[in-house]
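Here are some friendly notes for a first look at this complex. Please keep the structure open beside them as you read.

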Amino acid sequence: MTTIRRFCCDDLLRFASVNLDHLTETFNMSFYMTYLARWPDYFHVAEGPGNRIMGYIMGKVEGQGESWHGHVTAVTVAPEYRRQQLAKKLMNLLEDISDKIDKAYFVDLFVRASNTPAIKMYEKLGYVIYRRVLRYYSGEEDGLDMRKALSRDVEKKSIIPLKRPVTPDELEYD
Amino acid sequence: MASKFGLAGGIPERRVRPIWDAIDSRQFKNALKHATALLAKFPNSPYALALKALILERMGKADEALSVCLSAKELLYTNDSVLMDDLTLSTLQIVFQRLDHLDLATSCYEYACGKFPSNLELMMGLFNCYVREYSFVKQQQTAIKMYKLVGEERFLLWAVCSIQLQVLCGNGGEKLLLLAEGLLKKHVATHSLHEPEALMVYISILEQQAKYGDALEILSGKLGSLLMIEVDKLRIQGRLLARAGDYVAAANIFQKILELCPDDWDGFLHYLGCLLEDDSNWCNRAVNDTAHPPKSIIDCKISDLADEMFDSRISDASALVQRLQEDSNNNVIRCPFYANIEIERRKHLHGKGDDYKLMEALLQYFDRFGHLASFASDVEVFLDVLTPEKKTEFMEKLKKTSNCLLTVPTKALGQSITLLKVQQLIGNMFKLSVGELEGSAVQMTELYCKNLPLSKDLDPQENMHGEELLSMVCNVLVQLFWRTRNLGYFIEAIMVLEFGLTIRRFVWQYKILLLHLYSHLGALSVAHEWFKSLDVKNILMETVSHHILPQMLVSPLWVDLNNLLQDYLKFMDDHFRESADLTFLAYRHRNYSKVIEFVQFKERLQHSNQYLVARVEAPILKLKQNTDNIEDEEATLESLKYGIHFVELSNEIGSKSLTFNEDLNLRPWWTPSSERNYLLGPFEGVSYCPKENTIKEREANVRRVVERKSLLPRMIYLSIQSASTSLKENLEVNGSISDPKISSELKILLERYAKMLGFSFFDAIDIVSGVSGGLKSLEVFGSDLIDWLNFAVFLNSWNMSSHELVQADGDRSYPKIWHIVDSLLEKYILEKISSTESTILSPTVDLLVLVQLVTEPLAWHGLVIQSCVRSSLPSGKKKKKAGPADLSSLSCLRESVQSLCNITEKVTKWVRNQINRSEDENLESLLSSMQNKGREGPGQVLLIIEALVSSINDTDLGDRISQALKSWSHVDVARKIVTGKCTVFAEFLRNCESKFKMFQSLKQQIAQV
Ligand SMILES: CC(C)(COP(=O)(O)OP(=O)(O)OC[C@H]1O[C@@H](n2cnc3c(N)ncnc32)[C@H](O)[C@@H]1OP(=O)(O)O)[C@@H](O)C(=O)NCCC(=O)NCCS
């Protein structure tokens, strides 16, 4: 029972029940607003009855040549709405926009190596671990760089896993 | 940064690069060295100067930076041959902005653009300056110039947005929209449009003028193809049709949306609204002011349709819903089932409802989705339609339905929880007897324990099954406490949640409940710890701080309070500073709708009531922290510009519009807003929790608080001044009135203060003297106690210099006011400590009142005395001799100091006693409150928990849960409560001791005068 629409500033005032989750980061204002100002089509919110916020996805599209790709910066769903395919829906939307509108080659994301539930979900949604990024999270926890190829990457070159882990300063985009 | 030809600001790039490198790596000294060298080589380069200024600013040398910037500006203006490029100007701009001189940056760009009227880059810089200044008219003019220059779509849209901003956020009339429309029309005719966002702006311009037909035409024309997402386009189309009143066509569009997205609830509401020709969905959409509409209302108007029509439309809707239900072959699409209930509700509103059909629809929904965590909150609005009797009947039916066995245990658990939640929702709990309530708490706890094994293999990051049960147990226990006043239940509620957090420490729902419980108990330091563990930062500070801030404002935990306030203010101020740059970013990336959104959002935050309160409370906290040293206090006052701005704020507050951005939905039932705490009053049964919107009440409250509090800094300042001149002047010119300006200003403020308390100045004086003389009861001050005592304190210091009250009634009432203040402080403070006996145990607000009495009126009075004493001490050569009048005022002063010594000594002793009660004794009384005598009373829930802990089965529960259970100790929690309360006392004690010391030393000083 969801209406998915573009995220807007006022939603920032209403997403507390989603963001109090310990795995969901509350970024500073310029971070959110930069995403809104640059990639408004990659920032969507799901609303339920009574205009309650159920969850949201935030991302961007960037890169050059064959690494032109969609990126999921955050996806999160409030506890009471989990396991109802909402995250899946939001992910599919972002993939669709990357694929059809922006003609990107793949979608990628970073996830804490310890966030098993999320990793399981991404795998279920067709993402593979492309590489491990050492101490990606505040210099402590490793991150996993996961990818899913889009239709433009016919040979699925973008998702062939790397053999060795990389360090954060080797990343092309942050 | 490098421009063409390897030049930067007219200087070879290789010479500039090292400077930027040094700046980027924060080696400012090094950078400055390079910059100075560069300047020696290019003394007339504004760019070199700008670089130097930038470095100086980063080094914290604001004054030097400004003066260098100004010389660069001077050069630009006077020297025709210097280079005036965007790099130079934007570098200067950065520094000017950081120095809070946006205007200077703007005038540089204005000058440059005047000189090079066809330089697009400079004009964009100028546009950006106007964006920063929120000068919408000038933005528009600049954008139009650029548009004329190069004819690009984006500049036209910059102009159009600037026009929209004038209408929406400035004082531009609606007629301007016509101008914007004209501009767009002309451009479209020759160039068409190429950006989806441009189209959206075009449509919104038309929509704002109610030209729906025109907008629809454009949307369905060639331009419509710019919108790539089909549903988005349909949504706009449906909205326009509905607003134009073409409900039939609109309903068709929304039907299409539902066929594409059958789970789109909003889409369904629009669909139904159009069918029933109810336009409440469409008016006031833009001015949707409340961030948090009360969750119990789905706006809709009772349909005006004739009965027959209504019936046929409803049956259309039912048919569609039926079809959607059949099409949804998976178990996650809820909307079509939920829609059925809404249809029944609409019938109800139309007077054609059938409770049984509504119940039937609800039961159907339950049958499919009853196990979901969101079920109860989903159906909350619909239950409100039923009468209490029908609700009970429904509950019975629900119980019956759920009896059919569910094979998946997690689903069965989900369903059981739903039943319990619905029971809480329909208010049944309030009809149950104490015994039944206890029974239900026990039942829920057992259910939780029994189902723990389901979570055995879950990752610790994941929510466990049945987690909500413990919140519900807490809710029941608090209700039991409210009814019986038996503290045992309350402590037990804390135990339950702490237990839950021992098993999994991430459950923020528990943390929020707990912090309110601890606050109520006075263990504020523990409450604050839990608040910190929620990691509330950035925008959450605006929406979530209300859980802790109001309590902290009256607590003695000043360091923590200061952090809260400073972090919050910094966040808000940072946003205000950077918001315009982000708006410009939206312009640059052609996301025009975000431009409007950002500006409106900034305004919304600027009017935040919490921001206003914080801006007043932060300086008051500083003042409270420095009352024991008058020099420090005076320095603080100086930094506050002697409180003048705050007086202005107090004047303006009545007419300021305020926004309320706090998310109150997460608050516990017993305190739905920070102004309300049901537990402080008697149990009131079912009508406990009125769901009406409390915004009005909150707004009145904020205005009152801000209006009063923002007078304080100035009154404190004037009182110190008044007191310091009084004795001194007296000694020289007997009886004369000292600086008349001070006393007349103070009098005006006192009159206002009295008025805010609801009285005329002289009536207010009568009241304080009546209370102090015992003619009036101590109760008359009510909840304004602190304000009344402040009034008395400032009244006294005013009279010290004005002596008006002596003249007014002829007899010597001047000393009398000293006595009034002394006796009021003594009465109220001593009353508090004698009436508040076993504070470690009782949930109490009394301690906080006591803290306020000591740290506010008493402390302000202390400042007045310090000021008197300082000025009465012989200073330098002037030999002073006290005349008769001064002897009496001196003796008043002595008495007052003595009285304050006594009061603070007694309070100190009392607080120390509270802390020194042995920990064991305190623990004992806490724990015994839950001792279960027989099979009733508090403690039953705890028994179940203890039973679980004592019989842990590792294989059932898995390693992690077993380990967590083993670490549980309810005695530790009790100890935490005791320590928490002691921490609060200890902070207060420090404060009292310091005051006591100060008054003692004043006593000695004054003895020598
Ligand atoms: C991760 C998260 C976004 C999942 O949201 P969700 O709406 O519950 O996920 P969905 O219902 O769409 O899940 C789709 C599929 O992913 C898998 N999945 C989702 N959550 C899972 C979990 N906790 N464990 C195992 N698999 C899971 C399942 O296969 C699921 O399909 P199924 O339910 O039919 O088996 C949500 O748990 C969350 O908000 N977590 C906190 C924030 C976070 O960690 N975000 C990711 C890092 S940015």
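1. Let us start with a term for the interface. Buried area is the accessible area (1.4 Å probe) that two parts lose on being put together, summed over both. Between chain A and chain B, about 4,800 Å² is buried, and carbon and sulfur atoms give 61% of this area. On the side of chain A, the residues that lose the most area to chain B are A:M1, A:L13 and A:L20, together 18% of what that side buries. The contact (heavy atoms within 4.5 Å) takes 49 residues from chain A and 59 residues from chain B.

2. A word on what you are looking at. This is a predicted model, in which local features need pLDDT of at least 70 and side-chain atom pairs count only at pLDDT 80 or more, while totals for chains, interfaces and linings use all residues. Residues are numbered from 1 along each chain as its sequence is written, chains are lettered from A and ligands numbered from 1 in the order in which they are written, and side-chain values use heavy atoms, with hydrogens and water left out. For the complex, the predictor gives an ipTM of 0.96 and a pTM of 0.93.

3. Next, confidence in chain A, given as pLDDT (the predictor's confidence in each residue, from 0 to 100). Chain A averages 95, and 99% of its residues score at least 70. Among its elements (DSSP runs numbered from the N terminus: helices are H or I of at least four residues, strands E of at least two), strand 1 (residues 3-6) of chain A has the lowest mean pLDDT, 92, and helix 3 (residues 29-38) of chain A the highest, 98.

4. Where is confidence lowest in chain B? In helix 39 (residues 804-809) of chain B, at a mean of 60, whereas helix 27 (residues 539-544) of chain B is highest, at 98. Please also look at residues 293-297 of chain B, where the pLDDT is below 50; this stretch has eight contacts in the model beyond near neighbours in sequence. Residues 876-885 of chain B are also below 50, with 10 such contacts. For chain B as a whole the mean pLDDT is 88, and 91% of the residues reach 70 or more.

5. Now for helix packing in chain B. Axes are lines fitted to C-alpha atoms, for helices over the stretch in contact, and angles run from 0 to 180 degrees between N-to-C directions. Helix 16 (residues 307-327) of chain B packs against helix 17 of chain B at about 165°, with their axes 9 Å apart. The pair is therefore roughly antiparallel (angles over 145 degrees count as such, under 35 as roughly parallel, 65 to 115 as roughly perpendicular and the rest as oblique). Their contact residues divide into nine nonpolar, three polar and two charged (Ala, Val, Leu, Ile, Met, Phe, Trp, Tyr, Cys and Pro count as nonpolar, Asp, Glu, Lys and Arg as charged, and the others, Gly among them, as polar).

6. Helix 17 (residues 335-349) of chain B also packs with helix 19 (residues 375-383) of chain B, at an angle of about 15° and with axes 10 Å apart. These two helices are therefore roughly parallel. Here B:Y338, B:I341, B:E342 and B:R345 of helix 17 of chain B meet B:D378, B:V381 and B:F382 of helix 19 of chain B. The contact has four nonpolar, no polar and three charged residues.
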